[in-house]
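Visitor: I am new to reading protein structures. Could you show me one and explain the words people use for it?
Guide: Gladly, here it is.

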Amino acid sequence: MSEVRLATWNVNSLRARMDRVVEWISYARPDVLCLQETKMQDRDFPAHDLADLGYEAVHHGDGGWNGVAILSAAGIAGVRIGFGDGADDEMGCRIVSAECGEIRVFSVYVPNGREVGSEFYYAKLEWLGSLQRMLAKEWDQREALAVCGDFNVAPDDRDVWNPAAFEGATHVTEPERDALGLLGRWGLVDLFRLHNKADGLFSWWDYRGGAFHKHQGMRIDLILGTAPLASWCTASIVDRQARKGPQPSDHAPVMVYLDPGRGGS
DNA sequence: ATGGTCGCGCAGCGA
């Protein structure tokens, strides 16, 4: 297979964002695009419009909140909804996966923990734990597998616009980062960071207060991949252009470039 | 100065 472009984007309502998604697809040409916060029911998902653009898709959503999807120009097979043990249903349509060509792709929307120490914070940690247990139990880290989505965790201080101001705040606490660390110990690598080491490379900026133009953001949208994907990865981008212009999402798309003919696997 | 802006859905909550 030739180059594969694998992307993830929290669109904050696919209904409100469809024009921007179509625009982005037309110039970025991802082979696989994971979406989060579609905020729609399955029956409203614009599968036909996406098929016209050359994408098969799977969507998992039940209404006004959450909702995840995978668009693939490399095929969709072996769809899995949720964790398979009902845990996802309680937290609401936050994980879906499919075989896209030779890669098992997950699209995930990790719960927002709101205030540190709140019940929502612990539910977020539990959800990340469920993700790790599901991967360890059902999947093989030696295979080509990617977990893409909005993790609501900034992996390290480079990923926060003002680490001093965020000390102890949600998205950066040790337990949240430890939960990402467990995914790393299982075998997932933060593919964006393989070829982009600088700070200030954010994927989300608050709508309020002109945060985007003040470069006040965080990198919380991640593409995690197993060792084979890490060996294939040649480049990565965050497309800040998509955060500009009319009716943008508060997140920008993140994309990695994979060359399955490259590296040792 | 505890604000600010979105989306959903039609009040006020969640992010």
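Visitor: Which residues touch the most other members of the largest nonpolar core?
Guide: Keep in mind that this is a predicted model. The largest nonpolar core has 31 residues, and Leu6, Ile70, Ile103, Val105, Leu229 and Leu258 touch the most other members. Another core lies apart from it, with 23 residues, including Phe83, Leu128, Leu131 and Leu135.

Visitor: What makes such a set a nonpolar core?
Guide: Its members must be buried residues of kinds such as Leu, Ile, Val or Phe, joined through side-chain atoms within 4.5 Å. In soluble globular proteins, nonpolar side chains tend to be buried together.

Visitor: Let us turn to the rings. How many aromatic pairs are there?
Guide: The count comes to six aromatic pairs.

Visitor: Why is the pair of Phe106 and Trp139 called edge-to-face?
Guide: Two values decide this. The ring centres are 5.8 Å apart, and a pair needs centres within 6.5 Å. The planes stand at 90°, and over 60 degrees counts as edge-to-face. Both conditions are met, so the pair is edge-to-face.

Visitor: Where in the chain do those two residues sit?
Guide: The pair links distant parts of the chain, as Phe106 and Trp139 are 33 residues apart. Phe106 belongs to strand E7 (residues 103-109), while Trp139 is in the loop between helix H4 (119-138) and strand E8 (145-150).

Visitor: Is Phe106 buried or exposed, and how do you know?
Guide: Its relative accessible area is 2%, and buried means under 20%. Phe106 is therefore buried.

Visitor: What makes Trp205 and Phe212 an edge-to-face pair?
Guide: The reasoning uses the cut-offs we have just met. Their ring centres are 4.9 Å apart and their planes are at 90°, so this pair is edge-to-face too. Trp205 has a relative accessible area of 1%, so it is buried. Phe212, with 6%, is buried as well.

Visitor: How do you know that Arg114 lies over the face of Phe120?
Guide: Arg114 is 3.5 Å from the ring centre of Phe120, and the distance limit for a charge over a ring is 6 Å. The charge must also be within 35 degrees of the ring normal. Arg114 is listed as lying over the face.

Visitor: Which residues surround DNA strand B?
Guide: They are Asn12, Ser13, Arg17, Lys39, Asn112, Arg114, Tyr207 and Arg208. By kind, they divide into one nonpolar, three polar and four charged. Sugar and phosphate make up 60% of the atoms of DNA strand B that come within 4 Å of the protein.

Visitor: What makes the approach of Ser13 to DNA strand B a polar contact?
Guide: An N or O atom in the side chain of Ser13 is 2.3 Å from a phosphate oxygen of DNA strand B. The limit for a pair of N or O atoms is 3.5 Å, so this is a polar contact. For the side chain of Arg114, the distance to a phosphate oxygen of DNA strand B is 2.8 Å. Tyr207 uses a backbone N or O atom, which lies 3.5 Å from a sugar or linking oxygen of DNA strand B.

Visitor: Why is Lys39 called partly exposed?
Guide: Its relative accessibility is 25%. Partly exposed covers the range between 20% and 50%, so Lys39 counts as partly exposed. Lys39 lies in the loop between strand E2 (32-36) and helix H2 (47-52).

Visitor: What is notable about the phi of Lys39?
Guide: Phi of Lys39 is near 55°, a positive value in a residue other than glycine. Most residues other than glycine have a negative phi. His171 also has a positive phi, near 85°. His171 lies in the loop between E8 and H5, and at 9% relative accessibility it counts as buried.

Visitor: How do you know that Arg193 is buried?
Guide: Its relative accessible area is 7%, and the cut-off is under 20%, so Arg193 is buried. Arg193 is found in helix H6 (residues 192-195), and its side chain reaches the backbone oxygen of Ala198 at 2.7 Å.

Visitor: And what does the side chain of Ser72 reach?
Guide: The side chain of Ser72 reaches the backbone nitrogen of Ala74 at 3.0 Å. Ser72 is in strand E4 (residues 68-72), and at 1% relative accessibility Ser72 counts as buried.

Key:
Residues are numbered from 1 along each chain as its sequence is written. Chains are lettered from A and ligands numbered from 1 in the order in which they are written. This is a predicted model: local features need pLDDT of at least 70, side-chain atom pairs count only at pLDDT 80 or more; totals for chains, interfaces and linings use all residues. Side-chain values use heavy atoms; hydrogens and water are left out. Buried means under 20% relative accessible area, exposed over 50%, partly exposed in between (1.4 Å probe, protein chains only). Rings of Phe, Tyr and Trp (its six-membered ring) pair if their centres lie within 6.5 Å; planes under 30 degrees apart count as stacked, over 60 as edge-to-face and the rest as tilted. Helices (H or I, at least four residues) and strands (E, at least two) are DSSP runs, numbered from the N terminus. A residue is near a molecule or strand if one of its heavy atoms lies within 4 Å of it. A polar contact is a pair of N or O atoms within 3.5 Å; within protein, one must be able to donate a hydrogen and the other to accept it, and residues adjacent in sequence count only if both atoms are side-chain atoms. Ala, Val, Leu, Ile, Met, Phe, Trp, Tyr, Cys and Pro count as nonpolar, Asp, Glu, Lys and Arg as charged, and the others, Gly among them, as polar.
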